Amino acid sequence: MFAKSTWIKLPRNVLLGHGVLDDVGTAVAELSLAGTPLLVTSPTPDDLAGDRLRAQFDGAETVTVDTASFEAVGEIVEAAEAAGATFLVALGGGKPIDLAKMAADELGVGFVSVPTAASHDGIVSGRSSIPEGDTRHSVAADPPLAVIADTEIMANAPWALTTAGCADIISNYTAVKDWRLARRLKNVEYSEYAAALSEMTAEMLVDNADSIKKGLEESAWVVSKALVSSGVAMSIAGSSRPASGAEHLFSHQLDRIAENPALHGHQVGVGSILTEFLHSGENGQWRAIRDALTAIGAPTTAAELGIDDETVIEALTTAHTIRDRYTILGDGVNEEAAIEVATFTGVI
Ligand SMILES: NC(=O)C1=CN([C@@H]2O[C@H](COP(=O)(O)OP(=O)(O)OC[C@H]3O[C@@H](n4cnc5c(N)ncnc54)[C@H](OP(=O)(O)O)[C@@H]3O)[C@@H](O)[C@H]2O)C=CC1
Ligand SMILES: O=C(CO)COP(=O)(O)O
Ligand SMILES: [Zn+2]
């Protein structure tokens, strides 16, 4: 399909490395952002790195968020207005980053992302994923002007957050398959560049699985680069399609119905095993996806996610209802088929 005009918004500066947390002020100065920011964080990242960040922004106020919601976005907007903040800096995992990204968009001010965990590609992308009641909104927002990812901090984060980031990238394989299917069946807007970048990112991560090991700072570096690349694919596409297909619908549904949902990346990884099977059957690539997840130490079963089998089946049979996004789930997988795919792949 020929798009009359395309507007691709990308981060301007990406700073990645050991100790770069102390360079946020310099990176912001380089962007010519005037005035004082509002710092947005959550409790643990605040404890770990809040003071080092505040030391670089005289007089900046801090808002600490606990849960992702549209109300929390409203609170950040109010706090920024009250403080006269001219831009936002988010420090933490996906929660404070998504909320600040959306609040910055509402305020029409710049936004800088300082991830403390390599947990998923939302730390870089131009999308905020916010739950509301029974649905989840993937809201377009400007991507961060700068991403400052301190590999020392990320490498010291719980290892599960890093394996979740890896699994989020590995899930790009099935996301792109869903995108191509939707293009063929529903004529949805598609970008071969974004699809190729997304697939290549997953390929490179899997090829580098050997350097992704607990205790190795290089892991945080490899994974962060992949997350940046996947975020750029979403920016080129102008949607999360290159990195979010049926496996994400499955995960979003688990977030709603599971008593204790697992990490986003871990859920989409298991979802990817299931949806790859749906795409290409028992002799398809689902084993390669499962083995890639195993190689980096991410869950491949419901038990490893800490979610019971019934909930996994319910999520798989109802995931298609969560959002208007055509995928291999079509108009729904029935319970018998869901049990068959989950059993064959060893997920349950
Ligand atoms: N925009 C997008 O494209 C996407 C957005 N998302 C959104 O991101 C959120 C989930 O992201 P995720 O990063 O998992 O969530 P969080 O921001 O909730 O972080 C996960 C956990 O890790 C803790 N944490 C963060 N950094 C460190 C660290 N360095 N050391 C120790 N603990 C740390 C957090 O602490 P604390 O509890 O104190 O915050 C939290 O308990 C959801 O809101 C989801 O909707 C998910 C995928 C994609
Ligand atoms: O998680 C994402 C990409 O990895 C974003 O996807 P959603 O648009 O489904 O929230
Ligand atoms: Zn994701």
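Trainee: What radius of gyration would a compact globule with 348 residues have, and what does the protein chain have?

Mentor: For 348 residues a compact globule would come out near 20 Å, and the protein chain has 19 Å, which agrees. Bear in mind throughout that this is a predicted model. Along its principal axes, the C-alpha trace of the protein chain spans about 60 × 45 × 35 Å, and buried residues make up 55% of the 348 residues.

Trainee: How many helices and strands does the secondary structure of the protein chain come to?

Mentor: The protein chain comes to 15 helices and 8 strands. To see how distant parts of the sequence meet, turn to the contacts with a separation of 6 or more, of which 74% join residues that are 24 or more positions apart.

Trainee: Which domains does the domain assignment give, and how many residues does the contact take from each?

Mentor: The assignment gives domain 1 (13–156) and domain 2, the latter made of two segments, 170–225 + 238–344. The contact between these domains takes 18 residues from domain 1 and 17 residues from domain 2. On the side of domain 1 that touches domain 2, at least two residues each are supplied by β6, β7 (135–140) and α5 (151–156), with the largest share, 4 residues, coming from α5. By class, that side of domain 1 has 6 nonpolar, 7 polar and 5 charged residues. The centres of the two domains, taken over C-alpha atoms, are separated by 26 Å.

Trainee: Where does ligand 1 lie with respect to domain 1 and domain 2?

Mentor: One reads this from the shell of residues around the ligand: both domain 1 and domain 2 give residues to the shell around ligand 1, so the ligand lies between them. Of the 28 residues around ligand 1, those that come nearest are S42, T44, G93, G94 and G122. Two or more residues of the shell come from each of α2 (43–54), α4 (94–107) and β6 (127–132), and α2 gives the most, with 4 residues. The shell divides into 10 nonpolar, 14 polar and 4 charged residues.

Trainee: Why is α9 said to be largely enclosed by the rest of the structure?

Mentor: Enclosure is judged here from how many residues of a helix are buried, and in α9 this holds for 18 of the 21 residues, so the helix is largely enclosed by the rest of the structure. Helix α9 covers residues 217–237 and reaches 31 Å from its first C-alpha to its last, close to the 30 Å expected at 1.5 Å a residue. Just after α9, G238 takes a positive phi of about 75 degrees.

Terms used:
Residues are numbered from 1 along each chain as its sequence is written. Chains are lettered from A and ligands numbered from 1 in the order in which they are written. This is a predicted model: local features need pLDDT of at least 70, side-chain atom pairs count only at pLDDT 80 or more; totals for chains, interfaces and linings use all residues. The expected span of a helix is 1.5 Å times one less than its number of residues. A residue is buried if 20 or more other C-beta atoms lie within 10 Å of its own, exposed if 12 or fewer, and partly exposed in between; C-beta atoms are placed from the backbone. The radius of gyration is taken over C-alpha atoms; the globule rule is 2.2 Å times the number of residues to the power 0.38. Two residues are in contact if their C-beta atoms, placed from the backbone, lie within 7 Å. A residue is near a molecule or strand if its C-beta atom, placed from the backbone, lies within 6 Å of it. Ala, Val, Leu, Ile, Met, Phe, Trp, Tyr, Cys and Pro count as nonpolar, Asp, Glu, Lys and Arg as charged, and the others, Gly among them, as polar. Domain bounds come from an automatic or database domain assignment.
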